[in-house]
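Please read this briefing alongside the sequence and the model. The points below are grouped by topic, beginning with one helix and moving on to charged pairs and backbone angles.

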Amino acid sequence: MTVNLADRQYRKYPHSVGCATVHLCWIPKRRRAVLIGDVKNDLGKILNDVAIEKGWFIKALEIAPDHVHLLVEYDTDHSIAQVVKAFKGRSSYELRAKYPHLKRMPSMWTRGYFHDTTGKVSTAVILAYINDPHHSKN
C-alpha cells in the first residue's frame, strides 16, 4: 500500500511509513567496456528480475559500456549494501555463466560502488528543523 503525502509516494509497512530511494553506480572490473550488445540487454533483464523478486522498484536504469547507473526504491528490510549485493551478485553469476569471455576477467564487478540516497527535502532543511529551538522546551 502507498500513501501520498505532499505529492510524494510513501510505502506503508507493518510498523513504519517511508520511501527509501538510492542512486547506485558500479563498474566492471578494471572498467572494461563489456556491457554492450547482448550482455547489456541481459544485464537489464537480470536487474529488473532482481527488483521484481525483492519487491523493489527501478525508477531509472542506464547501462553504459563501462558502468551502470541505477535509481531504485527499496524496502526497509534491506540495507544499501544488501541491495547492491543482490544486483551485483546475481548479475555477475548469470552473465559469467552465459558469456565465456566474461569468465576471463578476475571478477565481473569491482568491489566498490557509489551510492547516494535521494529525497525531496535537502540536508540543510532537515538540519534547520532539528536545530529549531521548538524542540527544546526546558
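The expected span of a helix is 1.5 Å times one less than its number of residues, and this is the yardstick applied to helix H1 below. The structure is a predicted model, and its residues are numbered from 1 along each chain as the sequence is written.

**Helix H1**

- Helix H1, which covers residues 37–54, has 18 residues and reaches 26 Å from its first C-alpha to its last, a distance close to the 26 Å expected at 1.5 Å a residue.
- The buried residues of H1 are Val39, Asp42, Leu43, Gly44, Ile46, Leu47, Val50 and Ala51, whereas Glu53, which also lies in H1, is exposed, with a relative accessible area of 54%.
- The elements that cover the buried residues of H1 include strand S4 (20–26), strands S5 and S6, helix H2 and helix H3 (100–103).
- Directly after H1 comes Gly55, a residue with a positive phi near 80 degrees.

**Salt bridges around Arg90**

- The structure holds six salt bridges, and one of them joins Glu53 to Arg90, with the closest N and O atoms 2.6 Å apart.
- Because Glu53 lies in helix H1 and Arg90 in helix H2 (residues 80–98), this pair ties together parts that are 37 residues apart in sequence.
- Arg90 counts as partly exposed, at 27% relative accessibility, while its partner Glu53 is exposed, at a relative accessible area of 54%.
- Arg90 also forms a salt bridge with Glu94, and here the closest N and O atoms are 3.8 Å apart.
- Arg90 and Glu94 are four residues apart in helix H2, so about one helical turn separates them.
- Glu94, at 31% relative accessibility, counts as partly exposed.
- Taken together, Glu53, Arg90 and Glu94 are linked in a network of salt bridges.

**A salt bridge between two strands**

- Lys59 forms a salt bridge with Glu73, the closest N and O atoms of the pair being 3.4 Å apart.
- Lys59 belongs to strand S5 (residues 57–64) and Glu73 to strand S6 (residues 67–74), so the pair ties together parts that are 14 residues apart in sequence.
- The two partners can also be described by their accessibility: Lys59 counts as partly exposed, at 41%, whereas Glu73 is buried, with a relative accessible area of 8%.

**Positive phi in the loop between S4 and H1**

- Which residues other than glycine have a positive phi in this loop? Arg30 has a phi near 60 degrees, although it is a residue other than glycine, and Arg31 has a positive phi of about 50 degrees although it, too, is not a glycine.
- Arg30 is found in the loop between S4 and H1, and Arg31 lies in the loop between S4 and H1 as well.
- Arg30 counts as exposed, at 58% relative accessibility, while Arg31 is partly exposed, with a relative accessible area of 42%.

Technical notes: This is a predicted model: local features need pLDDT of at least 70, side-chain atom pairs count only at pLDDT 80 or more; totals for chains, interfaces and linings use all residues. Side-chain values use heavy atoms; hydrogens and water are left out. A salt bridge is a side-chain nitrogen of Lys or Arg within 4 Å of a carboxyl oxygen of Asp or Glu. Buried means under 20% relative accessible area, exposed over 50%, partly exposed in between (1.4 Å probe, protein chains only). Contact means heavy atoms within 4.5 Å.
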